[in-house]
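Please open the model in your viewer and keep the sequence panel beside it, since the stops below are given by residue number and by element.

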Amino acid sequence: ENGEPGEERELQLELKILADVGLVGFPSVGKSTILSVVTAAKPKIGAYHFTTIVPNLGMVRTKSGESFAMADLPGLIEGASQGVGLGTQFLRHIERTRVILHVIDMSASEGRDPYEDYLQINKELETYNLRLMERPQIIVANKMDMPEAEENLKEFKEKLAANYDEFDELPQIFPISSLAHQGLENLLEATAELLDETDEFLLYSEDDMEQEEVYYGFNEDERPFEISRDDDASWVLSGEKLEKLFVMTNMERDESIMKFARQLRGMGVDEALRERGAKDGDIVRIGNFEFEFVD
């Protein structure tokens with residue numbers, strides 16, 4: 001007996017990294033350097049935009065013994081949520097993280113306002129998926145060893161406080177220098193502590209999910225075959241159940257053919273052919289297979 005006919009289906013699979021913590025921010029703010037310093041990962045580091053074009057993953061172990069997975073996600077730019085700069089390919093990896101480390105170049109080495117960078121990245125996260133903004137963020141004020149970084153950080157904190165409701169809790173800010181290895185220990189301990197307090201997030205709320213009601217009931221089987229007459233006077237058998245049995249029958253083995261004949265008889269095919277006027281020796285066809293009716 002042959003196997004039951006299989007089903008064919010085309011699937012598009014999307015791989016998303018699984019990390020506890022995701023580093024996000026504009027290109028060249030120092031995300032890869034942070035990952036290379038706090039883990040054994042060796043991401044590509046360069047003084048140009050989009051050095052990182054695929055996520056890098058590393059394991060962090062704090063001095064207190066806590067450990068977690070950290071991902072360096074490729075830099076985001078304005079319009080990333082609409083796919084600019086391959087943005088949606090980058091943003092999808094953030095969906096599985098529980099805590100976001102928002103890395104900002106506090107030295108403003110590329111002439112951008114650090115606070116505007118902060119707002120722009122959060123806007124892209126929110127536009128891509130509203131629930132990404134529910135994840136707790138820690139602001140990582142990087143490149144604090146550079147000139148003007150201290151003054152920029154002071155202005156950043158003032159702008160942040162001015163735009164927060166007095167009842168809202170301000171995000172934690174950790175000044176660091178990934179290049180000089182300064183401030184990293186406190187950042188990692190705070191991240192581990194925040195992870196302990198944070199559950200996994202559902203990407204979509206229950207209200208967003210379509211509810212589908214399925215009714216299960218008993219329906220009497222329809223007739224498992226149909227009989228028609230071809231132009232050459234041969235009888236044609238069709239029907240899903242009958243054709244399925246035929247495909248599963250090995251027509252090169254006599255015992256399989258005899259079994260199929262018994263199955264047809266049990267389904268009532270012989271009797272139905274007689275009622276339709278079939279006579280001994282008439283040709284009966286199933287697909288391209290023909291045999292003689294024996295009364």
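In which sense do strand β5 (residues 137–142) and β6 pair, and over how many bridges? Select both strands: the pairing is parallel and runs over four bridges, where two strands count as paired if DSSP finds at least two bridges between them. Within this pair, I138 stands opposite Q172 in β6. The names of elements follow DSSP runs numbered from the N terminus, helices being H or I runs of at least four residues and strands E runs of at least two.

Before going further, note that this is a predicted model, in which local features need pLDDT of at least 70 and side-chain atom pairs count only at pLDDT 80 or more, while totals for chains, interfaces and linings use all residues. Residues are numbered from 1 along each chain as its sequence is written, and side-chain values use heavy atoms, with hydrogens and water left out.

Now colour the chain by pLDDT, the predictor's confidence in each residue on a scale from 0 to 100. The mean for the protein chain is 82, with 78% of its residues at 70 or more. Select residues 45–52, where the pLDDT is below 50 and where the model nevertheless has 19 contacts beyond near neighbours in sequence, a contact meaning heavy atoms within 4.5 Å. Residues 77–88 also have pLDDT below 50, and that stretch has 27 such contacts in the model. Where pLDDT is low, the predicted coordinates should not be read in detail.

Showing the whole chain as a cartoon, you will find eight helices and ten strands. Of its 295 residues, 42% are buried, which means under 20% relative accessible area, whereas exposed means over 50% and partly exposed lies in between (1.4 Å probe, protein chains only).

Return to the sheet and select its six strands, which form an open sheet in the order β2-β3-β1-β4-β5-β6 with mixed pairing. β2 and β6 (172–175) stand at the edges with a single partner strand each, so one side of each has no neighbour in the sheet. From one strand to the next the twist averages 25°. Add helix α3 to the selection: α3 lies across β1 (21–24), β4 and β5, and runs at about 145° to β4, with axes fitted to C-alpha atoms (for helices over the stretch in contact) and angles taken from 0 to 180 degrees between N-to-C directions.

The next stops are salt bridges, in which a side-chain nitrogen of Lys or Arg lies within 4 Å of a carboxyl oxygen of Asp or Glu; the count by this rule is eleven. Select K63 and E185, whose side chains meet in a salt bridge at 3.3 Å, N to O. K63 lies in the loop between β2 (56–61) and β3 (67–72) and E185 in helix α5 (residues 184–197), so this pair ties together parts that are 122 residues apart in sequence. K63 counts as exposed at 71% relative accessibility, whereas E185, at 43%, counts as partly exposed.

Move on to K159 and D113, which form a salt bridge at 2.9 Å, N to O. K159 belongs to helix α4 (residues 149–162) and D113 to the loop between β4 (99–105) and α3 (114–128), a separation of 46 residues. Both are partly exposed, K159 with a relative accessible area of 29% and D113 with 28%.

Finally, select R253 and E255, whose closest N and O atoms are 2.5 Å apart in a salt bridge. Elsewhere, D230, D232, R285 and E290 are joined into one network by salt bridges that share partners.
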